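Work through the exercises below with the sequence and the model at hand. Each task is followed by a solution in steps.

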Amino acid sequence: MKSAHWVSFLGINTLSVNHGSRQTRFKVYCKAFVPETTIDNAYREVTEYVPAGTNLSFPYNDVSCARPSQVVSVDMCRVALFMETSNRSGVTTELWLPRNWTGRFLGTGNGGMDGCIKYEDLAYGVANGFAVVGSNNGHNGTTGASLYRNADVLTDFAWRALHISVVVGKQLTALFYGRPHTKSYYIGCSLGGRQGIQSATEFPNDFDGILAGSPALDFNNLVSWRARFFPITGPFNSSDFIPPSVWKTVIHPEVLRQCDRLDRVADGIIEDPTLCTFRPEALLCTADRTSKCLTSAQVTIVRNAHGPLYGENGQLIFPAMQPGSELEAAGQLYAGTPFPYSRDWFQYVVYDPTWDPLEFTIHDATVVDELNPENIRTWPTDFSAYEKRGGKIITYHGQQDGKITSFNTERFYNHLSETMQRSPFELDNFIRFFRISGMSHCASGPGAWAIGQGGRPPAAATAFTRDENILAALVAWVECEIAPDTVRGTKYVNDTPKLGIEFQREHCRYPLRNTYMGGDHLSLDSWQCVSYDY
């Protein structure tokens, strides 16, 4: 389905206003901007003027989305729509139109299994002059229950919701401002990262620039990779279960003991986890070591948790979890309960709600990958169409990600280099991958992880310049042909911008490795991007 007939419903009641302040004129014009409703299965739910400083509340937002309100820092016009995609599915979409528009358009993604609009990213976009669109991805809340026996909702989730929201959003933007956008961008992480990569291949004209963080690529096998951790760890009340506290206070310190100094700096950050070969046997309890140690069965659990996933025919289907990620993984993947996104996918998409997550086997991985509903896999081999139209992609991944191993994005980049028969130097023309040391899943962690990747603080606190902000760097690449060689990350004191900057680091584009050259390890000048043979 490539049609975009939803746009035909759009209409506007215009009003010529020649008096009052610019803010007043904008307010009046916003209130006069009334898209037609109940035509072509599209319904206007809200059109309102929102002054700077407003704390918007969303009383009808599903509580599981944990987004009951959002502060908006600039004057804007808010338009909320519901679009029926079939007689049993539909998409809720929000378009935020700033008074001080730069001419740029921004699409935003989702995360996990959720049907949650990322209002913080919409606020981030309008604060920087973008007209911004976001959707609930075709369902409400963070579970996959609505996907059960409903192929139409599944289609919305897999690709349709984002695409039609962008198509309609662009049409509305042009009608509102009286001219079309100049350039179109996308920002998303995790599932949102997958959405961005998929858009480049399936809808190459949707975005001029795509920012795809920690992308959930090879989606079917990612679901299986996550599902296999529950059988590995066992339930939280099983005899050999490793509590999160042990992962954090015993296992993680041992990982750092073995691998932190590989970059010649003991700072709690493994700069390049591909260099770390963690040996959990060092934690085995002995007659001389009876505390802060692991039983033989627990050592096996740790070893298996850090291992790659192989298919029924022995082929690699998903790479290993990177060492250093246990701080985050302990709370979900290693928590002794089913990982909710994988559980939901098997129960509501692959099988039925009676499926037992503890019984996951590698055969289930074969079943889910062969099913591949709506081609959600997202493992492209060619970006020629997107490259030809001048599109640019920046992807990044935290090197302490405890929800999606960063090794998979490296695998994707190498896969793309092989299938397109392009060297990294040639891929640099349209796609660049940055490894963010000390960053967990999309945000947080001990490293310099605030790069302007979204609307939640402190990421959004970075100045909107190409040297400080990854979205601004993408804009500079698309509009000025200034390609980013590094991405500068900032670590704020206690992750609180008002307390000041603790340190910054330039993160290198793959396959270059950030290398300590001597001096104060907190200084930007003490590190350089160095080429190594991989």
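**Exercise 1: Disulfides**

A search of the whole structure, which is a predicted model, finds 6 disulfides.

Task. State which cysteine is joined to C65, give the handedness of the link, and say which parts of the chain the pair ties together.

Solution.
- Step 1. The partner of C65 is C116, with an S to S distance of 2.0 Å. The cut-off for a disulfide is within 2.5 Å.
- Step 2. The angle about the S-S bond is -80 degrees, and the link of C65 and C116 is left-handed.
- Step 3. C65 sits in the loop between β2 (55-57) and β3 (69-71), and C116 in the loop between β6 (104-108) and α2 (119-127), so the disulfide ties together parts 51 residues apart in sequence.
- Step 4. C65 and C116 are both buried.

Task. For the disulfide of C285 and C293, find the handedness, and decide for each cysteine whether it is buried or partly exposed.

Solution.
- Step 1. The sulfur atoms of C285 and C293 are 2.0 Å apart.
- Step 2. The torsion about their S-S bond is about 95 degrees, so this disulfide is right-handed.
- Step 3. Buried means under 20% relative accessible area, and exposed means over 50%. C285 has 31% and is therefore partly exposed. C293 has 13% and is therefore buried.

Task. Repeat the analysis for C508 and C529, and name the strands that hold them.

Solution.
- Step 1. C508 and C529 are joined by a disulfide with an S to S distance of 2.1 Å.
- Step 2. The torsion about this S-S bond is about -95 degrees, so the disulfide is left-handed.
- Step 3. C508 belongs to strand β15 (residues 501-508) and C529 to strand β17 (residues 527-530), so the pair ties together parts that are 21 residues apart in sequence.
- Step 4. C508 is buried, at 4% relative accessible area, whereas C529 is partly exposed, at 30%.

Task. Write the disulfide pattern of the chain, with bonded cysteines counted along the chain.

Solution. The pattern is 1-3, 2-4, 5-10, 6-7, 8-9, 11-12.

**Exercise 2: The largest nonpolar core**

Task. Identify the residues that touch the most other members of the largest nonpolar core, and the elements and domains that supply this core.

Solution.
- Step 1. The core has 52 residues, and I251 and W345 touch the most other members.
- Step 2. At least two residues each come from α3 (151-177), α5 (219-227), α6 (229-233), α7, α8 (296-305), β11 (316-318), α10 (340-350) and α11 (362-371).
- Step 3. The element that gives the most is α7, with 6 residues.
- Step 4. Domain 1 (38-215 + 375-456) and domain 2 (222-374) each provide at least three residues of this core.
- Step 5. Leaving aside neighbours within four places in sequence, W345 is in contact with M113, L147, L154, F157, F219, V223, V350, V368, P373 and I376.
- Step 6. Another core, of 44 residues, lies apart from this one; V79, W101, A161 and I393 are among its members.

Task. Determine whether E254 is buried or exposed, and what it touches.

Solution.
- Step 1. E254 is placed in helix α7 (residues 244-259).
- Step 2. Its relative accessibility is 8%, so E254 counts as buried.
- Step 3. Not counting residues up to four places away in sequence, E254 touches F278, A282 and L283.

**Exercise 3: Helix α11**

Task. List the buried residues of α11 and explain how they are arranged about its axis.

Solution.
- Step 1. D364, A365 and V368 are the buried residues of α11.
- Step 2. Seen down the axis of α11, these residues fall within an arc of 105 degrees, so they line one face of the helix.
- Step 3. The buried residues of α11 pack against α5, β11 and α10.
- Step 4. Just after α11, N372 takes a positive phi of about 40 degrees.

**Exercise 4: Strand β7**

Task. Establish how many residues of β7 are buried, and which strands are joined to β7 by bridges.

Solution.
- Step 1. In strand β7 (residues 130-135), 6 of the 6 residues are buried, so the strand is largely enclosed by the rest of the structure.
- Step 2. F130, V132 and G134 point one way, and A131, V133 and S135 the other way.
- Step 3. Strand β5 (residues 89-98) runs antiparallel to β7, joined by 4 bridges. The bridge partner of T93 in β7 is S135.
- Step 4. β6 and β7 run parallel and are joined by 4 bridges. Opposite R104 stands F130 in β7.

Definitions and conventions
Residues are numbered from 1 along each chain as its sequence is written. This is a predicted model: local features need pLDDT of at least 70, side-chain atom pairs count only at pLDDT 80 or more; totals for chains, interfaces and linings use all residues. Side-chain values use heavy atoms; hydrogens and water are left out. Buried means under 20% relative accessible area, exposed over 50%, partly exposed in between (1.4 Å probe, protein chains only). Contact means heavy atoms within 4.5 Å. A nonpolar core is a set of buried Ala, Val, Leu, Ile, Met, Phe, Trp, Tyr and Cys residues joined through side-chain atoms within 4.5 Å. Domain bounds come from an automatic or database domain assignment. The arc is that of the directions from the helix axis to the C-beta atoms. Two strands pair if DSSP finds at least two bridges between them.
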